[in-house]
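Here's a quick tour of one model, written for someone who likes cut-offs spelled out. Have the viewer open and follow along.

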Amino acid sequence: MSDAVPTPPDASPTTPSEEAAASPTASSAPSPEAYDDVPVEAWSGVHRGPLRAGEWVRLTDQKGRRHNICLEPGKTFHTNRGGMAHDDLIGREEGFTITSSSGGEYLVFRPLLAEFVVSMPRGAAVVYPKDAAQIVAMCDIFPGAHVVEAGVGSGALTCSLLRAVGPFGRVTSYERREEFADVARKNVGQFFGGPEGSDHPAWNLSLGDLAEELPRSGVRADRIILDMLAPWECVEAAADALLPGGIICAYVATTTQLSRFVETVRLHGGFTEPQAWESLVRDWHVEGLAVRPGHKMIGHTAFLVTARRMAPGERAPRKTRRPAPGAYGADYTGPRPADVPAE
Ligand SMILES: C[S@@+](CC[C@H](N)C(=O)[O-])C[C@H]1O[C@@H](n2cnc3c(N)ncnc32)[C@H](O)[C@@H]1O
């Protein structure tokens, strides 16, 4: 695709007043210079325009190995193929190849959010970008939403949630381990890079257990995302905090967790029928006639479950379909829906 900006076919000259009449926003449209950087008020964590001192960039070598560096005037980045001066990167538009002193070639871009979260320091396992994307889309996280999440872990999902709710939304995160909260604070701070180290204005991180802290807080939420070992312990607190129509979502690694969470949500009775799924993403190798799936893939990350909160006192229509034979048989020991007698 060409980088050139296409000219409209019928670009006849117009006077400023004609332009204003044709488009109510035309006269107030920012000049091209205003696009030099993304407005700080957007809290996107993204910059555009020339690379600046203090920014993080990602260097990818010829073998695909990646290095994230923070640009500092006067500093040198040392590689096994010699060094390169940060000053040779500062001031250039990203998307270029730089050659180190011993001839190694490095691709230079600002890291994308999906790249940042898989390379940032980790306290706990992170929600992978493919799953964060599912959560944002399937939980319908919208600008202005109030989202509650626990645990915050390394802050990977937090970054996607903050991106999606924007500065007019709210993300209330709970984490019961202080050392993980500290890691998350640093990661989220590094990604959004607020002026003078300020935190994202939509973020509130509390230390403690969601099941205890959320009821005390009085928070009412549009969405609640649970990424923890025992999300069923938080269903009661989440149900009380969720607004009617709100969504509860759990991200669980094993089938036993999946079953226990789904049955606990069913037993609660104040939610719609839970939906469970997983997403598998497979890369493809595309080269001439060699077009085939890649040899490696991430086979499993976790399962996702969502259900919607009914209005107070309301319940979803009873299921007309009976459970599969043996589903709640003698070997089943988990939570049992009220209308399913023990066999
Ligand atoms: C897998 S990590 C979360 C990763 C995080 N979502 C991310 O994307 O980086 C799980 C975290 O949940 C925390 N945790 C477990 N149960 C919790 C609870 N009931 N309330 C708050 N945090 C909890 C753990 O301490 C751990 O840090």
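Strand 8 (170-175) and strand 9 (203-207) run parallel to each other and are joined by five bridges. "Paired" here means that DSSP finds at least two bridges between the two strands. Helices (H or I, at least four residues) and strands (E, at least two) are DSSP runs, numbered from the N terminus. Across this pair, Ser-173 sits opposite Leu-205 of strand 9.

Helix 5 (residues 178-192) packs on the sheet and touches both strand 8 and strand 9, with its direction at about 165° to that of strand 9. Contact means C-beta atoms, placed from the backbone, within 7 Å of each other. For the angles, axes are lines fitted to C-alpha atoms (for helices, over the stretch in contact), and values run from 0 to 180 degrees between N-to-C directions. Helix 6 (210-217) lies across strand 7 (146-150), strand 8 and strand 9, at about 140° to strand 8.

A word on ground rules: this is a predicted model, so local features need pLDDT of at least 70 and side-chain atom pairs count only at pLDDT 80 or more, while totals for chains, interfaces and linings use all residues. Residue numbers start from 1 along each chain as its sequence is written.

Now zoom out to the sheet. It is open, has seven strands in the order 9-8-7-10-11-15-12, and its pairing is mixed. Strand 9 and strand 12 (275-277) are the edges, each pairing on one side only. Ignoring direction, neighbouring strands are turned by 15° against each other on average.

Next, the ligand. There are 24 residues around the ligand, and Ala-124, Gly-151, Gly-153, Ala-156 and Met-228 come nearest. To be near, a residue needs its C-beta atom, placed from the backbone, within 6 Å of the molecule. By class the shell has 15 nonpolar, four polar and five charged residues. In that scheme Ala, Val, Leu, Ile, Met, Phe, Trp, Tyr, Cys and Pro are nonpolar, Asp, Glu, Lys and Arg are charged, and the others, Gly among them, are polar. Helix 4 (156-165), strand 8 and helix 6 each supply at least two residues of the shell.

Gly-151 has another quirk: the peptide bond leading into it from Ala-150 is cis, with omega near -15°. Gly-151 belongs to the loop between strand 7 and helix 4. Helix 4 itself is mostly covered, with 10 of its 10 residues buried, including Ala-156, Cys-159 and Arg-163. Buried means 20 or more other C-beta atoms within 10 Å of a residue's own, exposed means 12 or fewer, and partly exposed is in between, with C-beta atoms placed from the backbone.

Which residues have a positive phi?

| Residue | Phi |
|---|---|
| Trp-43 | near 50° |
| Asp-140 | near 50° |
| Gly-166 | about 70° |

Trp-43 lies in the loop between helix 1 (16-22) and strand 1 (56-60), and it counts as buried because it has 21 C-beta neighbours inside 10 Å. Asp-140 is in the loop between helix 3 (129-138) and strand 7; with 13 such neighbours inside 10 Å, Asp-140 counts as partly exposed. Gly-166 comes just after helix 4.

Finally, where is Gly-169? It is in the loop between helix 4 and strand 8. Gly-169 is buried, because 21 other C-beta atoms lie within 10 Å. Leaving aside residues up to four places away in sequence, Gly-169 touches Pro-143, Gly-144, Ala-145, His-146 and Ala-202. Gly-169 and Val-147 are 22 residues apart in sequence, yet 8.1 Å apart in space, C-alpha to C-alpha.

Notes:
Two residues are in contact if their C-beta atoms, placed from the backbone, lie within 7 Å.
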